[in-house]
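Here's a predicted model to look over. Let's go through a few of the labels and ask what earns them.

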Amino acid sequence: MTDLVSKARRIAVLTGAGISTASGIPDFRGPQGLWTKNPAAQAMFDIDEYVASTEVRAEAWKFRRAAAAWDAEPNAGHRALVDLERQGRLTGLITQNVDGLHQKAGSVLVHELHGTVWYVDCLTCADRVPMAEVLPRLEAGDPDPACELCGGILKSATISFGQSLDQAVIDAATRATQEADLFLAIGTSLQVYPAAGLCDLALRAGIPLVILNAEPTPYDDEATAVITTPIEETLPGLVA
Ligand SMILES: [Zn+2]
């Protein structure tokens, strides 16, 4: 199985929350996840509720201000994927994470399916500014900062429920998968589309699927190998 990965020359990687938990980023759906412990928090991630309510937006901004991502550091799992890219064996690093830790580690070929917390978009004029420009406005006492160009509602550049994914990112992720001779799914429960659909795409194309995840996934039966040991301990040896 280790052989399968070491022999692969064009690897498409999909990552989910599991790769970042060792960096102190809580997941949403796991046993300790935000939504598991507080289902009401889901309103912050629903575009209709966000647009309709200043209270929901103020809650969301409080949550963003306190986000673990600002101070988190990449772990050995993130760094192993940088090595894979520098070896020239990565067709693309597709991630469901919004924490930016792959880029912080040094990965370049990153396709963020669910966007990023490091930028803020105006929902009216689509102007995009760095989160670092908006957080000080919260510190200064504005609970729901508006767009400085048009007065529109600002939101982190992440995909909320009810929002469409970026088609260009989906296309890039699809290409990275089609070009691969191995599909490696890491730290993802594979229960959300289009991430899970990329596994279908790989399997239909006859590309072997290797899953590295602590919990069972719906694709375990079709995978060539399933590894459940901790990602940050396993991945460096797997891609070395
Ligand atoms: Zn605007």
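Q: Where is C125 found?
A: C125 sits in the loop between β4 (115-122) and β5 (128-130).

Q: What makes C122, C125, C147 and C150 donors of the zinc ion?
A: Each one offers its SG atom at 2.3 to 2.4 Å. Donors are N, O and S atoms within 2.8 Å of the metal, so these sulfurs qualify. Along the chain, the spacing reads C-x2-C-x21-C-x2-C.

Q: Why is the site of the zinc ion called tetrahedral?
A: The angles among its four donor atoms run from 100 to 116°. Four donors count as tetrahedral if all angles lie between 85 and 135 degrees, so the label fits. For reference, the ideal angle for four tetrahedral donors is 109.5 degrees.

Q: Why is C122 called buried, and why is C125 called partly exposed?
A: C122 has a relative accessible area of 4%, and buried means under 20%, so C122 is buried. C125 has 36%, which falls between 20% and the 50% cut-off for exposed, so partly exposed is the right term.

Q: What about C147: buried or exposed?
A: Buried, because its relative accessible area of 7% is under 20%. C147 lies in the loop between α7 (131-139) and β6 (154-158). Leaving aside neighbours within four places in sequence, C147 is in contact with C122, C125, G152 and L154.

Q: Which residues does UniProt give the feature "binding site"?
A: The unreviewed entry places it at C122, C125, C147 and C150. They are spread over 29 residues of sequence yet cluster in space, with a largest C-alpha distance of 8.6 Å.

Notes. Residues numbered from 1 in each chain as written. Predicted model: local features only at pLDDT ≥ 70, side-chain atom pairs only at ≥ 80, totals over all residues. Heavy atoms only, no water. Donors = N, O, S within 2.8 Å, 3.2 Å for Na, K, Ca; no water. Tetrahedral: all angles 85-135°; square planar, octahedral: opposite > 155°, others 65-115°. Buried < 20%, exposed > 50% of the residue type's maximum accessible area, 1.4 Å probe, protein only. UniProt positions renumbered as here; feature names shortened; annotations may be inferred. Helix = DSSP H or I, 4+ residues; strand = E, 2+ residues; numbered from the N terminus. Contact = heavy atoms within 4.5 Å.
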